[in-house]
Amino acid sequence: MTELYRHYALILASVMVIAVLAGLMGGWLWFTSSLCLALLYWLVVYWWHLAKLMRWLERPKLRNAPQGLGIWHTIFSVLIAQARSRKKRKQKLGVALARFNRIAETIPDGVLVLGSDGRIQWLNHLAAEHLNLDPVHDRNALLSEVIDQHALQQLVSSNSSEINTVQISMTTPQGLPRVLNIIRTPFEAQATLLISEDITAAEQLNATRTAFVANVSHELRTPLTVINGFLETLAEFTDLPKAQQQEFIGLMHKESQRMNQLLTDLLTLSRLENQAVTKVIRKPVNLSELVYQLVAEAENVSKQRHHFKIDIEPDVWIKGMAEDVYSALSNLVFNAVRYTPEEGWICLSLHSKPDQPDWVQFTVQDTGPGIAPEHLPHLTERFYRVDAGRSRQNGGTGLGLAIAKHALAEHGGCLSIESQLGKGSIFTASIPKWLGESVIEETFSVKSHNDIAVLDK
Ligand code: ADP
């Protein structure tokens, strides 16, 4: 401020000195005209600097910063320094905002800020993905107009100052179901924060677990009820004829075998599923030898009720776990024995794949009842049966093909099923071969399957 007064004093003094000198030399007229000229000069200087300032204020770019003389130099310097610090602050804010945006995008949940007018103020890409919104176009849109979910509207319109949650079901653009958990958090007086979590996988897992427990309970309850019934009868009627008692004991034994088989299959399935996440030691396995053993066991179980056609390529090796490969292939073979009626044909073949010599194919073809096309995609699901009664009667647990699929996948292989109702089925297991230089003799220590009883007598 003092600089400004000094500046005014200087102008006044210089104008007066010029005017007085002119007056002394030429009288009043000279005094007045030089006073006017001096004032005009200062006025022009002011206007010129003011015009510069106005021009710069309209487009305050630092590189076009105005230059001035005297007090104007001071004014421009102050303004430029302020502009510089504003620019730095803006840059810092920009960096902080970009950082915040990056953080918001890396949050594993969707975040959406809703204004008090119900309009979307801000959302991260996950919120847009969860709620099928467009992160750019749907900003400022009314939430009620872009999402038709009554539960969500109720959650948003509630005035509660507590954290509230709601579950909604959506459909993804690909037509898949999506379950979301939406949390409403008090945020500001003028805004509401919505957090969305995708809980589809957890919900599906929960549903699978519940269905699995229900299935296992159901599978165990049936034989237990039968055993209980016979035990009660035997306890109540102690004078039953010996032959009938023996018959009841035989039936109870059959049911207990079924429960035993179910537990064995459940343990195998659980082990196979755990192997997917734990490290297992894979060893070379002579698949041809394993299939020879399987053929012998199948013929034994069939008890000459079927005709067998066998075609096995010798010395085919794979790398893996003999026990699991045995589980996979034996389920296919024993299913053929179980479901093919007497005098039917069962053809077992082991060959390199014609179009992929590095792969081996084990095929089980039967002339059994065949399977209708609508069942084929579900056969490898746990407890899926085409005819539950028939499967149980045959001693099936409904887990055999699920085990086969898992065990083959464990070995990088796959299972394919072809079937024609009334004609028969072809189950093909494809596994990559082991082409190691030195083949280590590996005896596969699998438990004999002779105890698999064919119960349809
Ligand atoms: P299960 O223990 O009931 O045999 P699986 O998982 O092994 O269970 O098989 C699932 C269903 O597939 C069986 O219940 C049966 O309906 C059908 N299936 C399996 N193999 C055959 C086959 N060779 N011929 C006809 N149906 C079969």
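## Surface patches

Arg59, Lys61, Arg63, Arg84, Lys87, Lys88 and Lys92 make up a positive patch on the surface (patch members have over 30% relative accessible area and no salt bridge, with like charges joined within 9 Å and nonpolar side chains, meaning Val, Leu, Ile, Met, Phe, Trp or Tyr, within 5 Å). Lys and Arg count as positive here, Asp and Glu as negative, with His and the chain ends left out; a charge is placed at NZ of Lys, CZ of Arg, CG of Asp or CD of Glu. Lys92 sits in helix 3 (residues 71-106) and is exposed at 65% relative accessibility.

This is a predicted model: local features need pLDDT of at least 70, side-chain atom pairs need 80 or more, and totals for chains, interfaces and linings use all residues. Numbering runs from 1 along each chain as its sequence is written, and side-chain values use heavy atoms, without hydrogens or water.

There's a nonpolar patch too: Leu12, Met16, Val17, Val20, Leu21 and Leu24, together about 590 Å² of accessible area (Shrake-Rupley, 1.4 Å probe, only the protein chains shown counting as cover for residues).

## Salt bridges around helix 8

The whole structure has nine salt bridges (a Lys or Arg side-chain nitrogen within 4 Å of an Asp or Glu carboxyl oxygen). One of them pairs Glu255 with Arg258 at 3.1 Å, N to O. Both lie in helix 8 (residues 242-275), three residues apart (helices are DSSP runs of H or I, at least four residues, and strands runs of E, at least two, numbered from the N terminus). Glu255 is buried at 8% relative accessibility, and Arg258 is buried at 12% (buried is under 20%, exposed over 50%, partly exposed in between, with a 1.4 Å probe and protein chains only).
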